[in-house]
Amino acid sequence: MNIEQFETSLKEKGIALNSTQLGQFEKYYETLVEWNEKMNLTAITEKGEVYLKHFYDSISAAFYFDFTKPFRLCDVGAGAGFPSIPLKIAFPHIDVTIVDSLNKRITFLNHLAATLNLEKVQFVHDRAETFGVNPNYRESFDVVTARAVARMSVLSELCLPLVKVGGHFLALKAVNAEEELKTGQKAIAALGGKLLNSHTFNLPIEEFDRTIIIIKKEKQTPKKYPRKPGVPGKTPIE
């Protein structure tokens with residue numbers, strides 16, 4: 001996907017990027033590739049693939065959820081900033097917090113935010129399990145996102161404790177999304193969530209399957225969740 005295709009494909013979805021935003025995506029790509037030489041941020045480095053599989057794929061969350069209003073978003077395990085930084089570039093009014101367990105990725109994100117002149121962004125070095133019990137963050141976000149971090153039963157325990165009641169959890173998934181939803185239903189319910197929608201679509205050009213799962217937080221998460229670091233992955237609620 002070249003830059004023109006990226007711009008046109010998003011415009012067809014009602015997302016118009018100006019020259020400043022397109023310039024930010026170019027700088028994002030350059031910075032990602034430069035830093036990827038000294039730390040493992042992504043296996044995808046070819047420009048067209050980064051634009052399709054990272055940038056466009058991240059923004060696809062906005063095809064099915066309204067990002068036009070200001071709100072607080074937390075991105076769990078964002079790695080090199082996906083999906084929240086592309087979403088932040090496309091929708092500058094959202095307030096973004098990224099939590100990641102690797103400090104070197106936080107260093108990259110701080111550098112990236114300075115390079116792209118991003119405001120209303122913060123990056124926290126922490127495990128999602130301990131971040132989710134921190135009273136400064138627990139149940140304080142309107143939207144929580146996660147992309148390819150863990151299966152839904154595990155991911156729900158890492159993300160739903162951060163969502164305020166009435167807010168939403170958006171999971172960006174590739175393969176096995178339907179199967180994950182089946183095994184994840186018990187966890188979603190136990191953590192106060194309810195499945196609102198699941199949208200499956202194809203990425204343009206390469207036709208890869210993608211699914212956006214939207215869960216609404218209907219009641220408070222019980223205080224015992226999330227459990228201690230490592231426990232959700234070893235013994236998921238299923």
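Helix 5 is followed by asparagine 117, a residue whose phi is positive, near 55°. The structure is a predicted model, and this briefing looks in turn at helix 5, at the aromatic rings, and at one buried lysine, lysine 173.

**Helix 5**

- Helix 5 runs over residues 103-115, and because its 13 residues should span 18 Å at 1.5 Å a residue, the 18 Å between its end C-alpha atoms agrees with that expectation.
- The residues of helix 5 that are buried are Ile106, Phe108, Leu109, Leu112 and Ala113, and because they fall within an arc of 160° when seen down the helix axis, they line one face of the helix.
- A general point helps in reading such a pattern: an α-helix has 3.6 residues a turn, so residues three or four places apart point the same way.
- The cover over the buried residues of helix 5 includes helix 2 (19-36) and helix 4 (84-90), together with strand 2 (95-100) and strand 3 (121-125).

**Aromatic rings**

- There are 19 aromatic pairs in the structure, and, in general, a pair of aromatic rings is described by the distance of the centres and the angle of the planes.
- Phenylalanine 65 and phenylalanine 67 have ring centres 5.7 Å apart and planes at 75°, so this pair is edge-to-face, since planes over 60 degrees apart count as such; both of these residues are buried.
- Phenylalanine 131 and tyrosine 137 have ring centres 4.2 Å apart and planes at 25°, so this pair is stacked, the cut-off being under 30 degrees; phenylalanine 131 and tyrosine 137 are both buried.
- A cluster linked by ring pairs takes in Phe6, Phe25, Tyr28, Tyr51, Phe55 and Phe82.
- Two lysines lie over ring faces: lysine 13 is placed over the face of phenylalanine 63, at 5.1 Å from the ring centre, and lysine 38 over the face of tryptophan 35, at 4.3 Å from the ring centre.

**Lysine 173**

- Lysine 173 is found in strand 5, which covers residues 163-173, and lysine 173 counts as buried because its relative accessibility is 6%, where buried means under 20%.
- The side chain of lysine 173 reaches the backbone oxygen of alanine 150 at 2.5 Å, and it also makes a polar contact, at 2.9 Å, with the side chain of glutamate 180.
- Leaving aside residues up to four places away in sequence, lysine 173 touches Ala150, Arg151, Met152, Leu155, Glu180, Arg210, Thr211 and Ile213.

Definitions and conventions:
Residues numbered from 1 in each chain as written. Predicted model: local features only at pLDDT ≥ 70, side-chain atom pairs only at ≥ 80, totals over all residues. Heavy atoms only, no water. Helix = DSSP H or I, 4+ residues; strand = E, 2+ residues; numbered from the N terminus. Buried < 20%, exposed > 50% of the residue type's maximum accessible area, 1.4 Å probe, protein only. Polar contact = N/O pair within 3.5 Å; in protein donor to acceptor, adjacent residues only side chain to side chain. Contact = heavy atoms within 4.5 Å. Phe/Tyr/Trp six-rings, centres within 6.5 Å; stacked < 30°, edge-to-face > 60°. Lys NZ or Arg CZ within 6 Å of the ring centre and 35° of its normal. Expected span 1.5 Å × (residues − 1). Arc of directions from axis to C-beta.
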